[in-house]
Amino acid sequence: MSFRLFDLNDPQRHAATTLEGPLLILAGAGTGKTRVITVRIAYMLAQGVAPESILALTFTNKAATEMRERLAGMVDKEVAKRVTMSTFHSLCVRILRTDIEKLGYKKNFTIYDEGDQNGLIKKIITKTAAIGEKLEPNLAKSLISKAKNNGWNAPQDEKTLIGSVFARYQVELKALNAVDFDDLLLLTVKLLSEHPDVRQRWQRRYRYLMVDEFQDTNRLQLEMVGYLAKNEEGSPPNVAVVGDDDQSIYGWRGAEVSNILEFEQHFPNPTVIKLEQNYRSTNAILNTANALIKNNPRRRPKKLWSGKGEGDKIRLVQAPNDREEAEFIANEIQRRKVEEVLEFEHFAVLFRMNAQSRLLEEAFRERQIPYKIVGGKSFFDRREVKDVLAYAACALNADDDVSLLRIINTPPRGISAAVVERALDLSIRHKCSLFQGLQLPELQRTVTPKAAAAIAAFVSQMDHWETKLNEPLVDQVALFRSLIAESGYYEDLRRSCKTPDEAHKRESGVRDVIEGFGRFSENSTDGLRGYLDSMALRQEKEEDEKDKEQGSGVMLITLHASKGLEFPHCYLVGLEEGILPHDRSKVEGTLDEERRLLYVGITRAQKTLTMTYCFNRFRFGGVVPCNPSSFIKELDPALLERIDLQKMLSAPVEAPVVKSRFAAMRAAVERVK
DNA sequence: CCCGCTGTGATTTTT
DNA sequence: TCACAGCGGG
C-alpha cells in the first residue's frame, strides 16, 4: 500500500475513511475529488473489503480509466483490477447481456448510437406523418430521450404525431433487436425492478458503491444506484456520491440537479462532507467564482478558497467587435509566451458555442500559433468507420435493419432502391426484419431474376459470415478482415472518393477499425460483439496520429467540454448577453445553468483569467450590436481590472512598459542561449 | 449516381 | 453568412 491518508486534508480524509452508510461528498472545483475517490477505495481494500464488492460508476470512459490508473498506482495491481470501475452505460451492457432475454430481447442486441437513432426516427416520421404534417427529427429524438429518461413508457395508442412516432420507434427498435443509449439505462432499471432474482444477484455482488459526477445523473441513473446499493439486511446502503451542484451543466441532457440537492431524500441520514479547499487557482479567481455562483438560488452553499495567495486581478476586456477580440487574444498569447516564458499549452480559450472558435482559429493561423480544438467530428462518426462496423453488426445480427440498410448497396450489388423499399414495406406488414423480408417468396416473385439473384447472393453471404463467426474457437479478427476484404468495400472506397488522398485516408480508417478489434481481442474474450459494444460506448481510444505528432498548442474548447480540465492561463470570450447567458436559456428558464457554465469556465484557470466581450458581433449573417453579459455585474468589482481595447490601442504604450517589455524579451533571449 | 441548386436555420453533446 | 440537408436534373 503506497497511499498515505495523512496526505489528505481533514475533510478529504474524513470522506476517504467514511465507508458505511450513505455519504455525500460535495467536491468543489479543483478540490482533489479524484484523489479522494481513489484513496477511499484503497482504504477500503486496506480494511479488508473484497475488491469484487466495490463498484465505482462514472460518466465517461476517460474518468473510469483515470480512476483505474490512479488506483493501480496505489495498491497491488492484481487487486486493483478486480474492482469494478465502469461507466453507467458499460455496466448496463454487462447486466443486459446476461439477462435481457427476460425482457423479450435477444442477447445479441445491437447498441444504436445517435446516428443510427436519427436514421430510424427519420424513417419512422416519413412513414407515419400524414401529408402536411411535419416533425423535426431532432426534436422527436430529444423528446423521446427526455421521455425515456423520465421513466415514461411509449404510449400505447397516441393521437399526436410525436406520440405515435415514439410508440413506433420503440416497437421497431425491439423488432430490430436494438437498444439506444437511453434504453441501456431504462431496460436495466426495468430488469432490476421486475426481476427479483436479477436484482438480488447484483445487490449481493456490490457492497460498496461510489458515483462520480453525481450532479450529472438523471432519474434512471439515480434509480439504478438505488437498486444496486440496497442490501438485504435493510441497513443503510453503502453508497458514496461525489459531485458539485455548482457544476451541473448537463440539465438539457436530462441531468437532474435535484439528485444531489435532495440527496437526503433519496438516501436518508447521510454523512455530508464539503471539500472547499481548492488546489488549483488563486484566490482572486476563486472569489470571482464564489461571487458569481452565490446568485444561484438552488444550491448547497460552498465557498472555495486556496492557499495559493491572492494572485493577479481578473481582467475584463471590452473589444469593439469579435474580430478584434480574437486578434487581441492571439497577439497577447504570442507576446506572453515570450515575455513570461510560457508554452502555448499553458493557454486555453473557452467559449460558449463552437462557432466562436472560427475567428480565433483564423487569428492563430495567421500568426502561426499552434492550437488544438477539442470536439468536432469524431473517429467514430467517420463514414468508413460506420460502414465497416455496420458490416460487423449485420454479420452478427442480420435483423439489424439500420445497419443492413447502410451496407446493402455499399458497394452497389444490384439490389435497387425500389426493391429495398418494397422489402421494407413487406417486412413491416409481416412484422419481420428487412433481412427476412428480402427472403420472402412474395418479394422474390415481384422482382427481376437479376435482382432475385443479387438478393440470394447477398443473403447467402451474410448467412455464411454469421455461421463462421459463431463457430467456437474461431479467429474472429481474421474473419472480420476477410469479411471486409471480400465485401468489395475497399474497391468501393477507391471508386467513390474524389481524390486518391481521401481514399487512402478512408482505407486507413477501415484498417484502424480492424486493427482496433485485434487489439481489443488481445485482452478481452467478448469477441466482435464486445468490440462493437465498446465502439458504440466510445471505449476504444481514438487514435489520432496528428494529435500525438503535433503535440498540442493553445487549447480552444467549449465551456462544456472544459469541465474537469485546468489551464494556467484562461481566456473566456464572448461574455455577452445572448451568448453567455445564451438567448435560448431565457425562454427555457435555464439561466442558473448558464451561470454555472460561467462558473465552470472561471474555475478552470490556475493563475490568470481574462474575460472578454464585444460591442458588435457577426451573427446570423450580419453585424449585431451586443451588450455585456448580465453576469458581469455579479462579479466582485474589487477583483476586476477593466481594459478598454479601443483606448488601449489608440493610446501610445508608456515608456516604462516598453522598457520592461524589452527587458523581459532580452531576458528570454538570454535564457535560450 | 453525382452534382449543384435552393431553402432553412443557427447552443451545449459525458454515453 | 454559411453550412448542410433534401431534391431534381444531367
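A polar contact is taken here as a pair of N or O atoms within 3.5 Å; within protein, one atom must be able to donate a hydrogen and the other to accept it, and residues adjacent in sequence count only if both atoms are side-chain atoms. The structure is a predicted model, in which local features need pLDDT of at least 70 and side-chain atom pairs count only at pLDDT 80 or more, while totals for chains, interfaces and linings use all residues. Residues are numbered from 1 along each chain as its sequence is written, chains are lettered from A and ligands numbered from 1 in the order in which they are written, and side-chain values use heavy atoms, with hydrogens and water left out.

An automatic or database assignment supplies the domain bounds. For chain A, these are domain 1 (5-95 + 190-275), domain 2 (110-176), domain 3 (284-377 + 547-672) and domain 4 (379-537). Between the C-alpha centres of domain 3 and domain 4 there are 47 Å.

DNA strand B is surrounded by 23 residues, the closest being Arg253, Arg352, Asn354, Thr558 and Glu588; a residue is near a strand if one of its heavy atoms lies within 4 Å of it. A polar backbone atom of Asn354 lies 2.7 Å from a phosphate oxygen of this strand, and a polar side-chain atom of Thr558 is 2.6 Å from a phosphate oxygen. Trp252 instead places a polar side-chain atom 3.5 Å from a base oxygen of DNA strand B. Sugar or phosphate accounts for 45% of the strand B atoms within 4 Å of the protein, and bases for the rest.

Around DNA strand C are Lys122, Arg358, Phe618, Phe620 and Gly621. An N or O atom in the side chain of Arg358 lies 2.8 Å from a phosphate oxygen of DNA strand C. Of the strand C atoms within 4 Å of the protein, 53% belong to sugar or phosphate and the rest to bases.

The protein interior remains to be described. A nonpolar core is a set of buried (under 20% relative accessible area, 1.4 Å probe, protein chains only) Ala, Val, Leu, Ile, Met, Phe, Trp, Tyr and Cys residues joined through side-chain atoms within 4.5 Å. The largest such core has 56 residues, of which Phe480 and Ile484 touch the most other members. A second, separate core of 44 residues includes Ile100, Val241, Ile260 and Phe263. In soluble globular proteins, nonpolar side chains tend to be buried together.

Conventions. Buried means under 20% relative accessible area, exposed over 50%, partly exposed in between (1.4 Å probe, protein chains only).
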